[in-house]
Amino acid sequence: MAEKRWIPETLFDELGFRMTYAAERVLYETRTGHQHLVLFEHKRFGKVLMLDGATQVTTRDEFIYHEMMTHVPIFAHGRAREVLVVGGGDCGIAEEVLKHAGVARLTQVEIDDSVVEFAKEHFPEFTGPVLADKRFDLVIDDGMNYVATTDRRFDVIIVDSTDPQGPGKVLFTQDFYAACKRCMGPGGVMVTQNGVPFLQPDELIASLRHFRKLFADSACYIAAIPTYVGGHMTMGWAADDARLRDVPVATLTERYAAAGHFATRYWTPEVHKAAFALPRFIAEHVAQAQC
Ligand code: SAM
């Protein structure tokens, strides 16, 4: 029997920390025009996609991140019609957004078309319903360029980016967040993939400092994602209406019922509310960003 290949996540090499997967089978590996891409099968996590040595999505735990990045801002907003996803190549976020019948159009701006092409073959559970949905509009472009030039306005912006390295680096800059604010409609909200604060505190603090200069209300919320190793994952939150972050559970429950009570495996109105209650060490990072 062939020796299993152990595939390391190299994202935290500088910290002297590595999570490594025993691949049952490597399904696909290539260098795209923008990044190194490998897809393999794993006994516990199912299919695992890594870009530039960082875990992006696995078929077994994807629901946690995708539901929390999507249903929290959309149910908090309450009447989101125009949604923008920056990044999101695997289409896992798009699949959750389109569960909201009230969303009139979803625009996804992805820099690397080969990630979407690849997802068509390897993640049909995401791309199948998404590409069949007339509300879906895919734009292949650098997210920075798109938000800096579009004349469209969005109720909800979801930044499902890679980490602040390679093509994803620009998506953590003040210029990018300022351009996102420019194309946000009144009463809009933006959420961002913001790393694991126990291992990446500077990433969270830097983004929150940028948000604070641009938006009336900035914060983060949390979820635990097994393959985003290192404890809590943070999702950045930026809006001008602070009430959006404080929608009562009863109202979230009503909105969920009005949205047809579609199936979720992580998000609930109670989990939504609780996700903004931060452990002290993360709350201290948020406070640090206020200084
Ligand atoms: N959930 C994952 C995570 O948290 O690490 C991210 C998943 S998704 C695959 C990330 C996507 O962001 C990739 O498809 C990548 O090509 C895209 N991306 C990276 N930099 C980008 C940029 N500047 N503009 C648009 N998309 C970008």
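Is Glu82 buried or exposed? In this predicted model, Glu82 has a relative accessible area of 17%, and since residues under 20% count as buried, Glu82 is therefore buried. The residue belongs to strand β7, which spans residues 82-87. Leaving aside residues up to four places away in sequence, Glu82 touches Arg105, Arg152, Arg153, Phe154, Asp155 and Val156.

Attention can now turn to the nonpolar interior. The largest nonpolar core holds 53 residues, and among these the members that touch the most others are Val83, Ile158, Tyr221 and Trp237. Helix α1, covering residues 62-77, is the greatest contributor to this core, supplying nine residues. Another core lies apart from it and has 31 residues, including Ile205, Leu214, Phe215 and Ile222.

The packing of two helices rounds off the picture. Helix α7 (residues 201-214) and helix α10 (residues 280-290) have axes that come within 8 Å and cross at roughly 45°. An angle that is neither under 35 degrees, nor over 145, nor from 65 to 115 counts as oblique, so α7 and α10 are oblique to each other. Their crossing is right-handed. On the α7 side, the contact is made by Pro201, Leu204, Ile205, Leu208, Arg209 and Arg212, while α10 provides Ile282, His285, Val286, Gln288, Ala289 and Gln290. Sorted by class, the contact of α7 with α10 comprises seven nonpolar, three polar and two charged residues.

Note on methods:
Residues numbered from 1 in each chain as written. Predicted model: local features only at pLDDT ≥ 70, side-chain atom pairs only at ≥ 80, totals over all residues. Heavy atoms only, no water. Helix = DSSP H or I, 4+ residues; strand = E, 2+ residues; numbered from the N terminus. Buried < 20%, exposed > 50% of the residue type's maximum accessible area, 1.4 Å probe, protein only. Contact = heavy atoms within 4.5 Å. Core = buried A, V, L, I, M, F, W, Y, C linked by side-chain atoms within 4.5 Å. Axes fitted to C-alpha atoms, helices over the stretch in contact; angles between N-to-C directions. Left-handed = near helix turned anticlockwise from the far one by under 90°. Nonpolar A, V, L, I, M, F, W, Y, C, P; charged D, E, K, R; others polar.
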